[in-house]
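Here is a short briefing to read alongside the model. It goes topic by topic, starting with charged pairs and ending with the cysteines.

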Amino acid sequence: MISRVPARTASLAFPLLHHGYRDKRSVCSRAPRKMTPGDKSGSPEVHRVPLRADRGLLHEEGACLPLRSRHGQCRACAEACPTGALTVDISAVSLSEGCIDCGRCTAACPTQALALPELLALADPPPMGTAVADATAAPVRVECRMVPSELLDAATVVVPCTGALTTGRLLAHAAAGRSVHVIDRGWCAGCEAGCSDRAPAHPAAAAVAAAAAWLGELAAPATVSLQREPLPLHLRPASLPPAPPPAAPIDRRRFFRAALEKPAGRDRPAATPMGGDGRAAYPADERHPSPERERQHDALSRLAAAQGQPVPAEFFPTLHADAKCCDRRMCIALCPTAALTAADDGTSAHLQFDPLRCIGCGTCERACPEGALALTPHGGTPAVQTLAVHRRLRCGDCGDAFTVSVDAEGTAPSVCPTCTKARRFIADARRQLFGAMN
């Protein structure tokens, strides 16, 4: 049983959605490139911009769920923000000066549309041949930036707030054979990035509990735990210290791109929302999987392989399509991670579902105009599944392929719905101009 794993973390089940639907024959029918965990070649380029010039928080508009659809319901970042600095609506994500760059919102975002350079610079541990922990290896210690540097070990991993840790990052260390100790100094209750006014739990408690549950299910030798090591309160800074300056390597491509986009003496124009109307017109074939989900799956795969067992079925969502599915492909257009695709060979269209990419958001289920989809966040398999098969014909008028809708008499039309409407319009116009024709 894996009932110990919180459902929220096991499947990254958050409310989401998107509005950038385009020609279903050009975009939606093209399956995305299959990538293995950690393979970034061929990935669409990520475009992140600062939400404020005086803050480090970066935003990828094309991946932000409320901006992807009028159905957007995700407010995970705003709910996680300890200072209430984030405001989310269907047209924009706004950040006030109250932001302290703690990173709590980045851990809560189901698609990692929010990021901090400090957290992006944290490299995952190098994978080992096996996930068997080395008894002589010291556990990885993780501390928040509030702890003075003179009190930290040289090998300590420092994050702006331990609430910015994700289950995937913790599991990555465990999969590399290292236990993880998240250090609790007893300062969270009064910290501006803490949880005294929200929940009594430690900010990292949910991520630690989920990682520990997965490790327990797989009987992994490494552990993840909260270690209480209190320090005197007078040592705590009054506010979160600023992040250290990034040491970015010189990148010729980035340098010349910046020179072209912002010539000397000119200011770069303010970024405008993709699509221009506040909603991200994000092509389906440019969407990318959730980095956190890929990190979790990569770690769980290595841990499970070391124990000679598969990744637990609890990690994979299941999706069912009933007979009402009519190949409108709204689910494909709105899926934020391209977990749904259509394989169209001209004679039949196959609605395909990839559980590895699915984050269990329920976007497809809520957006389906026919109510034909039913999502279960757990208990699936990693294999790509065909949910529905639709017969396709070639339109006698325009020559395009279209999905056949058989009428009550069992007769299939010879022209596509668009040409059928055009014929009806022409017939109505002729009647109005010339009267009924025999």
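A salt bridge here is a side-chain nitrogen of Lys or Arg within 4 Å of a carboxyl oxygen of Asp or Glu. By that rule, this predicted model has 19 salt bridges. It also has a nonpolar core of 47 residues, the largest one, and 0 disulfides.

**Salt bridges**

- Arg 185 pairs with Glu 229, and their closest N and O atoms are 3.6 Å apart.
- Arg 185 sits in the loop between S8 and H7, while Glu 229 sits in the loop between strand S9 (224–228) and helix H8 (252–261), so this pair ties together parts that are 44 residues apart in sequence.
- Arg 185 counts as buried because its relative accessibility is 11%, whereas Glu 229, at 27%, is partly exposed.
- Both residues belong to a network of salt bridges that links Arg 141, Glu 143, Asp 153, Arg 185 and Glu 229.
- Within helix H9, Arg 302 and Asp 298 are 4 residues apart, about one turn of the helix, and their side chains meet in a salt bridge at 3.6 Å, N to O.
- Arg 302 is buried, with a relative accessible area of 18%, and Asp 298 is partly exposed, with 27%.
- Asp 54 forms a salt bridge with Arg 55, with 3.2 Å between the closest N and O atoms.
- Asp 54 is partly exposed at 45% relative accessibility, and Arg 55 is also partly exposed, at 21%.

**A buried arginine without a salt bridge**

- Arg 293 is found in helix H9, which covers residues 291–306.
- What is the nearest side chain of opposite charge to Arg 293? It is that of Asp 354, 7.8 Å away, and Arg 293 has no salt bridge although it is buried.
- A polar atom of the Arg 293 side chain does lie 3.1 Å from the backbone oxygen of Leu 356.

**The nonpolar core and helix H7**

- In soluble globular proteins, nonpolar side chains tend to be buried together.
- In the largest core of this model, the residues that touch the most other members are Leu 86, Leu 170 and Leu 171.
- Elements giving two or more residues to this core include helix H3 (76–80), strand S3 (86–88), strand S6 (140–144), helix H6 (167–175), H7 and H9.
- Which element gives the largest share of this core? That is H7, with 5 residues.
- Buried residues in H7 are Ala 207, Val 208, Ala 210, Ala 211, Ala 213, Trp 214 and Leu 215.
- Helix H7 has 13 residues (205–217), so at 1.5 Å a residue it should span 18 Å, and its end C-alpha atoms are indeed 18 Å apart.
- Just after H7, Ala 219 takes a positive phi of about 55°.

**Cysteines**

- A disulfide is a covalent bond between the sulfur atoms of two cysteines.
- The count of disulfides comes to 0, and Cys 191 is in none: the nearest cysteine sulfur, in Cys 161, is 6.4 Å away.
- Why is the sulfur of Cys 325 not in a bond with that of Cys 326? The sulfur of Cys 326 is the closest cysteine sulfur, yet at 6.4 Å it is too far for a bond, since the cut-off is 2.5 Å.
- Cys 191 counts as buried, with 13% relative accessibility, and Cys 325 counts as buried too, with 18%.

Conventions. Residues are numbered from 1 along each chain as its sequence is written. This is a predicted model: local features need pLDDT of at least 70, side-chain atom pairs count only at pLDDT 80 or more; totals for chains, interfaces and linings use all residues. Side-chain values use heavy atoms; hydrogens and water are left out. Buried means under 20% relative accessible area, exposed over 50%, partly exposed in between (1.4 Å probe, protein chains only). Lys and Arg count as positive and Asp and Glu as negative; His and the chain ends are not counted. A polar contact is a pair of N or O atoms within 3.5 Å; within protein, one must be able to donate a hydrogen and the other to accept it, and residues adjacent in sequence count only if both atoms are side-chain atoms. The expected span of a helix is 1.5 Å times one less than its number of residues. A nonpolar core is a set of buried Ala, Val, Leu, Ile, Met, Phe, Trp, Tyr and Cys residues joined through side-chain atoms within 4.5 Å.
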